[in-house]
Amino acid sequence: MAIASGNGVETVRIAHELVTQEKLRPVSAAVRGVAVVEADPNDMSVGYGGLPDEDGKVSLDSACMDGPTHNAGSVGAIQDIMHPAQVAERVMDATDHVNLVGDGARRFAIEQGFRPENLLTERAEEIWKRWIAGRNDDDRLWPLNDTNPADPVLQGEPRPWGTIHCSVLAPNGDLGCCTTTSGLAFKIPGRIGDSPLIGCGLYCDNEVGSAGATGRGEAAILSGGSWLIVEKMREGMHPREACLAALRRVVEQTERAARWQPALWKDGRPSFGLTFYAVRKDGEFGSA
């Protein structure tokens with residue numbers, strides 16, 4: 001079984017084929033599956049074509065986790081490398097580290113044979129230029145609604161983020177997962193979200209299940225959401241109910257946080273989006 005976020009229909013097809021027909025380990029099937037989105041210039045939230053940071057640089061985050069070995073690898077704020085998920089897999093397999101960031105991650109990728117290339121498309125650069133022209137004096141606190149309402153791509157929404165998560169269950173019951181993203185558009189250079197953080201943007205335990213997140217990374221980080229979902233499944237919850245339990249935790253935490261940042265809370269609920277995805281070792285799956 002393979003599951004993914006809504007931008008991962010082709011990812012699921014590829015990952016499922018790789019884990020069943022090619023007998024690839026599930027984590028590698030997930031990494032190969034998300035590569036199609038990382039290379040898609042029309043997905044402006046992942047990889048090539050992603051919206052840049054404040055400085056106009058495309059900065060990517062990614063991580064993967066292998067159930068059988070309970071090992072993981074990740075890269076954060078890496079530039080010029082189209083497939084950060086594959087670099088994360090190399091971090092996992094070729095080093096004793098879990099996280100590499102920034103220029104160190106880029107250098108490691110080149111050492112491993114990845115070719116540096118420009119990831120900023122003309123379309124993404126034009127949107128960034130429009131944002132620069134109309135940015136507010138203070139655009140680093142929520143709500144980040146400093147986009148142009150006339151923008152046909154952003155449609156007046158707060159700065160978009162997007163991601164792809166993929167979890168894979170092999171026929172023998174082994175698990176693996178991957179999350180990859182270009183992160184929050186126009187972020188402060190150096191910011192990383194939940195995607196490269198184990199337990200936040202993704203987590204798997206080969207005895208239980210796998211989970212991941214897309215949406216507001218800070219909320220997934222502060223809740224340890226993906227880890228929490230796996231623990232709820234360990235307690236016997238269905239994956240969908242485990243995702244809902246994690247979201248209830250996010251709601252409780254956000255209500256407390258709203259005491260110092262009121263804009264996080266509106267009309268009795270969080271003013272942002274967050275989605276969790278999960279698959280259990282027995283093949284049950286769910287999202288919320």
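# A walk through the model

Start by selecting His70, which sits in the loop between β2 and β3 (71–78). Before you go further, keep in mind that this is a predicted model. The phi of His70 is near 50°, a positive value in a residue other than glycine. Is His70 buried, partly exposed or exposed? Show the surface and you'll find it partly exposed, with a relative accessible area of 42%.

**Another positive phi**

Now jump to Asp267, in the loop between β9 (265–266) and β10 (269–270). Here too phi is positive in a residue other than glycine, this time near 55°. Asp267 counts as exposed, at 72% relative accessibility.

**The four-stranded sheet**

Next, select β7, β8, β11 and β12. These four strands form an open sheet in the order β7-β8-β11-β12, and the pairing is antiparallel. As general background, strands of a sheet pair through backbone hydrogen bonds, either parallel or antiparallel. Which strands are at the edges? They are β7 and β12 (285–287), each pairing on one side only. Look along the strands: neighbours in this sheet are turned by 10° against each other on average, direction ignored.

Zoom in on β11. Six of its seven residues are buried, so the strand is mostly covered. On one side β11 pairs with β8 in the antiparallel sense over seven bridges. To see one of these partnerships, pick Ala213 and look across to Phe276 in β11, its bridge partner. β11 also pairs with β12, again antiparallel, over three bridges. Here Tyr277 stands opposite Ser287 in β12, and Ala278 stands opposite Gly286 in β12.

Follow the chain from β11 into β12 and you pass through a hairpin with four residues between the strands. Select Gly283 in this hairpin: its phi is positive, near 100°.

**Helices on the sheet**

Keep the sheet on screen and add α7. This helix lies across β7, β8 and β11, running at about 145° to β8. Then add α8, which packs on the sheet and touches β11 and β12. The direction of α8 makes about 145° with that of β11.

Stay with α7 for a moment. How many of its 10 residues are buried? Eight are, so α7 is largely enclosed by the rest of the structure. Select them by name: Gly225, Ser226, Leu228, Ile229, Val230, Glu231, Lys232 and Met233. The list has charged side chains in it as written, including Glu231 and Lys232. The buried residues of α7 pack against β7, β8, α6, α8 and β11. After α7 comes Gly236, another stop with a positive phi, near 115°.

**The nonpolar cores**

Now show side chains for the largest nonpolar core, which has 26 residues. Met65, Ile229, Met233, Leu274 and Phe276 touch the most other members, so they make good picks for centring the view. The elements giving two or more residues to this core are β2 (60–66), β7 (202–205), β8 (209–215), α6 (217–223), α7 (225–234), α8 (239–257) and β11 (274–280). Which element supplies the largest share? α8 does, with five residues.

There is also a second, separate core of 23 residues. To find this second core, select Ile81, Ala109, Leu120 and Ala185, which are among its members.

**A buried lysine**

Move on to Lys187, in the loop between β6 (175–181) and β7. Is Lys187 buried or exposed? Lys187 is buried, with a relative accessible area of 3%. Add Ser59 and draw a distance between the two C-alpha atoms: they are separated by 9.3 Å, although the residues are 128 apart along the chain.

**Last stop: α5**

Finally, select helix α5 (residues 122–134). At 1.5 Å a residue, its 13 residues should span 18 Å, and the end C-alpha atoms are 19 Å apart, which agrees. Which residues of α5 are buried? Colour Ala124, Ile127, Trp128 and Trp131, which are the buried ones. Turn the model to look down the axis of α5: the buried residues fall within an arc of 100°, so they line one face of the helix. The general rule behind this view is that an α-helix has 3.6 residues a turn, so residues three or four places apart point the same way. Now rotate to the other side of α5, where Glu122 and Ala133 are exposed.

Terms used:
Residues are numbered from 1 along each chain as its sequence is written. This is a predicted model: local features need pLDDT of at least 70, side-chain atom pairs count only at pLDDT 80 or more; totals for chains, interfaces and linings use all residues. Side-chain values use heavy atoms; hydrogens and water are left out. The expected span of a helix is 1.5 Å times one less than its number of residues. Buried means under 20% relative accessible area, exposed over 50%, partly exposed in between (1.4 Å probe, protein chains only). The arc is that of the directions from the helix axis to the C-beta atoms. A nonpolar core is a set of buried Ala, Val, Leu, Ile, Met, Phe, Trp, Tyr and Cys residues joined through side-chain atoms within 4.5 Å. Two strands pair if DSSP finds at least two bridges between them. Axes are lines fitted to C-alpha atoms, for helices over the stretch in contact, and angles run from 0 to 180 degrees between N-to-C directions. Contact means heavy atoms within 4.5 Å.
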